[in-house]
Amino acid sequence: MLLLFGMVVAVGAQGNDSSGLRIGFSQVGSESDWRTAFTEITLAEAERREITLLFSNAENSQEAQIEAIRSFIEQKVDAIILAPVIETGWTAILLEVQAAGIPIVIIDRNVTADESLYLTRVSSDFVFEGRLAAAWLVQVTSGDCKIVELEGTVGSSAARDRQIGFNQVISLFPKMQIIVSQTGDFRRTLGQEVMDSILHTEDPSKICAVWSHNDDMAIGAIEAIKQAGLDPGQDILIVSVDAIPDIFKAMMDGDANATVELSPYMAGPAFDAITAYLNGETVPKWIPVTGGIYFPDTAAEEYARRQH
Ligand code: AHR
């Protein structure tokens, strides 16, 4: 069977535990390479399990996500997966989903709604990611560094919690200081624009590091730093989150220093949770996905391994 919803087509059939299920997936958008990989992996996993996935790309609009969820309800799907663009404003639509008797899984970013309104969350610990990035930076700078922060999408839990975790650690060191913090919306082009403008308003020789909430903005910043005649990775350290292939390429070129991994393999645990629930099993309220921190020493190996 071939269904068309939103921007992508998926197939469904029968055969294994979750085969034959019809699941609606509302995705944030396609703002970063990580997001694109996450989408591709989810579609492939649905196909492998013979799940019919109704896919909707919201292009970073909460309104579009709410509309997609309503459409999934009308189509009487077996379950819904929501990757929410921002944290707040979900309670009303989650109540509608609950009233329709459809289980909903929150994936990747978090919502602030009551946890009784969703089946489970499959996500990483964004606070921990921020802490890990900060701990590395403290170590390599001996606790003395003026930092430019490139924030992710305003209102998203990924941006907020990474910021919280990073700030928790640097606040323990009086000479670790964020001198500018601006959003680049998790986008490469905006990361470059924002960094370019910061390099014109701040004294570049004072900037010790860029802490970027994702790799794409870091790669944009690297470009801006090069255009300013400086050496990224050397004059200005670069630490970010995601572990996409391009950041490993940047490390191989000596332009980036560290990345905290965000695994894009969240669909499998989400489909497992839905299947378990539909089979009458109890599902935990949080299913964590974990990742490490990577440096230039393994960049070539990681780059080769992560070509999807
Ligand atoms: O929610 C996770 C974040 O969203 C990723 O770190 C970023 O690349 C994406 O846009």
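## Polar contacts with the ligand

Let's start with Arg109: an N or O atom in its side chain sits 2.8 Å from an oxygen atom of the ligand. This distance, like everything else here, comes from a predicted model. Ser32 makes a similar approach, with a side-chain N or O atom 3.0 Å from a ligand oxygen atom. Asn214 joins in too, placing a polar side-chain atom 2.9 Å from an oxygen atom of the ligand. How much of the ligand's surface does the protein bury? On its own the ligand exposes 280 Å², and the protein buries 100% of that.

Now look at the residues around the ligand. They are Glu31, Ser32, Trp34, Arg35, Asp108, Arg109, Ala158, Arg162, Phe186, Asn214, Asp242 and Leu262. You can pick them out one by one in the structure above.

## The cavity

How many cavities of 30 Å³ or more are there? The count comes to 1. The largest cavity holds about 80 Å³ of space. Its lining is made of 13 residues, and those closest to its centre are Trp34, Arg35, Arg109, Arg162 and Phe186. If some of these names sound familiar, that is no accident: Trp34, Arg35, Arg109, Arg162 and Phe186 are also among the residues around the ligand.

What kinds of residue form the lining of the largest cavity? There are 5 nonpolar, 2 polar and 6 charged residues in it. Two helices are worth finding here: α1 (33-48) and α5 (157-170) each give at least two residues to the lining of the largest cavity.

## Between two domains

Where does the largest cavity lie with respect to the domains? It lies between domain 1 (2-123 + 263-289) and domain 2 (126-262), because both of them give residues to its lining. Notice how domain 1 is written as two stretches of the chain, 2-123 and 263-289.

## Two backbone angles to look for

Finally, take a look at the backbone. Asn60 is not a glycine, yet it has a positive phi of about 65°. You will find Asn60 in the loop between β4 (52-57) and α2 (62-74).

Which other residue can you check for a positive phi? Lys76, also a residue other than glycine, has a phi near 50°. Lys76 is placed in the loop between α2 and β5 (79-82). Helix α2 therefore makes a handy landmark when you look for these two loops.

How values were computed:
Residues are numbered from 1 along each chain as its sequence is written. This is a predicted model: local features need pLDDT of at least 70, side-chain atom pairs count only at pLDDT 80 or more; totals for chains, interfaces and linings use all residues. Side-chain values use heavy atoms; hydrogens and water are left out. On a 1 Å grid over the protein atoms alone, a cavity is a set of points where a 1.4 Å probe fits but cannot get out, and a pocket is an open set with protein on both sides within 12 Å along at least five of seven lines; lining residues have an atom within 4 Å of a point. Grid points are joined across faces, edges and corners, and a volume is the space filled by probe spheres set on the points. Helices (H or I, at least four residues) and strands (E, at least two) are DSSP runs, numbered from the N terminus. Ala, Val, Leu, Ile, Met, Phe, Trp, Tyr, Cys and Pro count as nonpolar, Asp, Glu, Lys and Arg as charged, and the others, Gly among them, as polar. Domain bounds come from an automatic or database domain assignment. A residue is near a molecule or strand if one of its heavy atoms lies within 4 Å of it. A polar contact is a pair of N or O atoms within 3.5 Å; within protein, one must be able to donate a hydrogen and the other to accept it, and residues adjacent in sequence count only if both atoms are side-chain atoms. Accessible areas come from the Shrake-Rupley method with a 1.4 Å probe; for residues, only the protein chains shown count as cover.
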